[in-house]
Amino acid sequence: MTYNFFDMLPFLEKSYFLSASDANAEGELSLTTLTTNIIDIATDHANNLGIGNPSMENMKAGWILSRISIDLATTPKVNSHYILKTWIEDFNRHYSARCFSISSPEGDVYGYARTIWLVIDTETHKNLGLSHFDLPADVILGEKAPIPLQEKHFPIVDLHEEPTGKAIKSTHPPFKYTFKYCDLDFYRHVNTVRYVTMLLNQFSLEEHDMTRVKRIELSFLHEASFGMKTVMMRADSSDDSLLSSFQLSNETDGSALLFARVKREKRDDKFES
């Protein structure tokens with residue numbers, strides 16, 4: 001594959017205005033909006049580097065997200081501006097690690113994110129690897145986002161079952177959902193933002209008003225598609241750490257589709273509408 005190296009930059013930075021439509025019920029940047037912006041700016045930077053999906057159409061290949069972690073010390077407020085910056089942390093023949101920072105125009109950092117990307121065959125959905133790319137070293141910034149890597153996720157079983165091995169028991173009744181048309185993306189599998197929505201909806205309005213999400217991480221195992229019946233298990237930590245683990249599975253065969261964690265912290269003051 002050939003590239004146009006003119007004006008290739010090792011990072012891309014964009015400014016956003018947080019309008020009410022992109023805020024959550026507490027008047028902060030919603031995680032669904034932030035996730036959308038993270039995916040969009042990653043796409044734009046890859047396109048600028050000549051390794052985006054348009055450059056792979058003739059290969060019948062495209063990028064998919066394998067993992068995402070978002071870690072926020074604080075959150076932009078409605079009617080304010082914020083800046084999102086992305087760069088490549090690692091690029092090898094198996095995957096690409098891409099990082100992000102979220103900051104104010106004055107340079108105060110709200111938080112960071114890290115994503116892991118794979119290239120798949122859009123027809124067979126098999127991993128193609130990245131050996132067909134040959135990026136110049138100076139566009140791979142290599143800087144690591146100063147947030148923890150994802151730890152190992154463990155299977156979650158129904159609260160009425162006894163876990164075996166390293167499995168953990170759920171602390172809530174299972175949540176069942178069948179994926180519909182608006183859950184799908186261009187590849188006709190479930191969009192990342194829909195998974196984030198599902199996770200956030202596992203908490204009540206009161207829980208969101210009294211706590212804020214400090215960290216959210218998702219690890220994708222298998223694609224979900226239109227009409228798939230799923231079941232989500234939630235296991236809250238017993239040490240009062242406001243840490244919740246999740247497993248989304250195919251209800252038909254029990255195979256795991258997604259592991260996730262949501263770490264919350266208490267707000268200084270309960271949000272009042």
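The following exercises, each with a worked solution, concern a predicted model.

**Exercise 1. Confidence**

Determine the mean pLDDT of the protein and examine residues 1–6.

Solution. The mean pLDDT of the protein is 93. Of its residues, 96% reach 70 or more. Next, consider residues 1–6, where the pLDDT is below 50. This stretch has 14 contacts in the model beyond near neighbours in sequence.

**Exercise 2. A pair of aromatic rings**

Classify the aromatic pair of tryptophan 63 and phenylalanine 133, and state which parts of the chain the pair ties together.

Solution. A pair of aromatic rings is described by the distance of the centres and the angle of the planes. The structure holds nine aromatic pairs. For tryptophan 63 and phenylalanine 133, the centres are 5.8 Å apart and the angle between the planes is 5°. Centres must lie within 6.5 Å for a pair, and planes under 30 degrees apart count as stacked. The pair is therefore stacked.

The second step is to locate the residues. Tryptophan 63 belongs to strand E2 (residues 61–72), and phenylalanine 133 to the loop between strand E5 (109–121) and strand E6 (156–157), so the pair ties together parts 70 residues apart in sequence. Tryptophan 63 and phenylalanine 133 are both buried.

**Exercise 3. A second pair and its cluster**

Classify the pair of tyrosine 177 and phenylalanine 179, and decide for each residue whether it is buried, partly exposed or exposed.

Solution. The ring centres of tyrosine 177 and phenylalanine 179 are 5.4 Å apart, and their planes stand at 80°. Planes over 60 degrees apart count as edge-to-face, so this pair is edge-to-face.

For the accessibility, buried means under 20% and exposed over 50%. Tyrosine 177 has 23% relative accessibility and is therefore partly exposed. Phenylalanine 179 has 1% and is therefore buried. Finally, ring pairs link Tyr177 and Phe179 with Phe175, Tyr195 and Phe220 into a cluster.

**Exercise 4. The surroundings of serine 241**

Locate serine 241, decide whether it is buried or exposed, and describe its contacts.

Solution. Serine 241 is placed in the loop between strand E10 (229–236) and strand E11 (243–250). Its relative accessibility is 18%, so serine 241 counts as buried. The side chain of serine 241 makes a polar contact of 2.7 Å with the side chain of aspartate 239. Leaving aside residues up to four places away in sequence, serine 241 touches Lys263 and Arg264.

Technical notes:
Residues numbered from 1 in each chain as written. Heavy atoms only, no water. Phe/Tyr/Trp six-rings, centres within 6.5 Å; stacked < 30°, edge-to-face > 60°. Helix = DSSP H or I, 4+ residues; strand = E, 2+ residues; numbered from the N terminus. Buried < 20%, exposed > 50% of the residue type's maximum accessible area, 1.4 Å probe, protein only. Polar contact = N/O pair within 3.5 Å; in protein donor to acceptor, adjacent residues only side chain to side chain. Contact = heavy atoms within 4.5 Å. pLDDT = per-residue confidence, 0-100.
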